[in-house]
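Visitor: I would like to learn how to read helix crossings, pockets and backbone angles from a model. Where do we begin?

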Amino acid sequence: MLVNGALGVPWVSALLFGGVAAYSAVNYLPRASFVVLAPVGHDPVREVDILERAQAEVQRLEGAAARRAVVEQQLAALRDEIGSAAQSLRTARRRGAATLETAVNRALSALELPPTFVVSVEGRPGVDGDPVVDGVPCSVERSGGDLVAYLFAPNAGEPAGPIAKIASGGELSRVSLALEEALSDASEPRTLVFDEIDAGLGGRAGETLGRSLRRISAQHQVLCVTHLPQVAAQADVHLQVRKREEGGRTITEVRRLTGDERMRELASMLAGDGAGSGAEAAARELLAKADRKSTRLNSSHTDISRMP
């Protein structure tokens, strides 16, 4: 760093180098001169680097407000985009919910349950700053901004409530069956297990139930525990489950029934042990009717596994 001197003029200078004051006194210099003042350990390169970084920090701070405004604009645009997508999804869900309600309630009526199935689609409450859906802030997640629930009212005069909390075992199985039947063409093949699905049903409703199970078996593997011969007659495979005691222990046996064995089991389910020729004739008629229904179903069913 250079400090000017003055010709023939005494002067005193004080300079600050890295926090260290340096003093110089020159008396009656005979000619113009330049004096270099530097404290011990002075590093000009380091000081230039510090100065440049300080200037860069000043520029960054001075531009923070402008950058913040840009970021806030970007966030607002993203919130609008998310809100629009969530709104479209909610509209589609409510439209699909109405279609599903109609299909499920039609199936419930056939299964002798009240057609009171409802799909509730409500917004998830949000706070200020969240995306706006239906005119109010909404908490939007990866699955959207909706709370979806299946509701059912099994008893007349009672409000609909969540199916899992309000339906009995048999009712829950039949509602599940109605849902599967309504959605069978849109769902992936899987194994479905129905237990006590025929609880409280008579013969005519049991036959309808059996046909429903057969229809969804075209898309899924269905296992059903039943006490109704009208349901059992619809099965492709009939398994008999019995318990017996042996050596002080309970043994459970499962046997596959075919031919006359199956006919006699159905007759026993119709009329009890020792069923006569009338019950056996009725059992044969159940099997024949189920076979005719199955033939018509299979002829109209497309095996999606064979499609290109």
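Guide: We begin with a pair of helices. This is a predicted model. The axes of helix α2 (residues 64-110) and helix α4 (residues 169-183) come within 9 Å. They cross at roughly 125°.

Visitor: Which word describes the way α2 lies to α4?

Guide: Read the angle against the classes. Over 145 degrees counts as roughly antiparallel, and 65 to 115 as roughly perpendicular. The angle of roughly 125° falls in neither class, so α2 is oblique to α4.

Visitor: Is the crossing of α2 and α4 left-handed or right-handed?

Guide: Right-handed, as α2 passes α4.

Visitor: Which residues of α2 and α4 meet?

Guide: Take each side in turn. α2 brings L100, A103, V104, A107 and L108. α4 brings R174, V175, A178, L179, E181, A182 and L183. Then sort by class: the contact has 10 nonpolar and 2 charged residues, and no polar ones.

Visitor: How do α4 and α5 cross?

Guide: Use the same reading steps. The axes of α4 and α5 come within 10 Å, with a crossing at roughly 45°. Angles under 35 degrees count as roughly parallel. The angle here is roughly 45°, so α4 is oblique to α5. As α4 passes α5, the crossing is left-handed.

Visitor: What makes the contact between α4 and α5?

Guide: From α4 come L177, E180 and E181. From α5 come L209, S212, L213, R215 and I216. By class, the contact of α4 with α5 has 4 nonpolar, 1 polar and 3 charged residues. Note E181: this residue of α4 also appears in the contact with α2.

Visitor: Now pockets. How much space lies in the largest pocket?

Guide: Start with volume, then go to the lining. The largest pocket holds about 930 Å³ of space. Its lining has 27 residues, and the closest to the pocket centre are C224, V225, T226, V237 and L239.

Visitor: Which elements give two or more residues to that lining?

Guide: They are α5 (203-217), β11 (221-225), α6 (229-232), β12 (238-246) and α7 (259-271).

Visitor: How do the residues of the lining divide by class?

Guide: There are 14 nonpolar, 9 polar and 4 charged residues in the lining of the largest pocket.

Visitor: Last, the backbone. Where should I look for positive phi in a residue other than glycine?

Guide: Look at E112, with phi near 60°. E112 sits in the loop between α2 and β5 (118-123). Then look at D134, not a glycine either, with a positive phi of about 55°. D134 belongs to the loop between β6 (132-133) and β7 (136-137).

Technical notes
Residues numbered from 1 in each chain as written. Predicted model: local features only at pLDDT ≥ 70, side-chain atom pairs only at ≥ 80, totals over all residues. Heavy atoms only, no water. Axes fitted to C-alpha atoms, helices over the stretch in contact; angles between N-to-C directions. Helix = DSSP H or I, 4+ residues; strand = E, 2+ residues; numbered from the N terminus. Left-handed = near helix turned anticlockwise from the far one by under 90°. Contact = heavy atoms within 4.5 Å. Nonpolar A, V, L, I, M, F, W, Y, C, P; charged D, E, K, R; others polar. 1 Å grid on protein atoms, 1.4 Å probe; cavity = no way out; pocket = protein on both sides within 12 Å on 5 of 7 lines; lining within 4 Å. Points joined across faces, edges and corners; volume = space filled by probe spheres on them.
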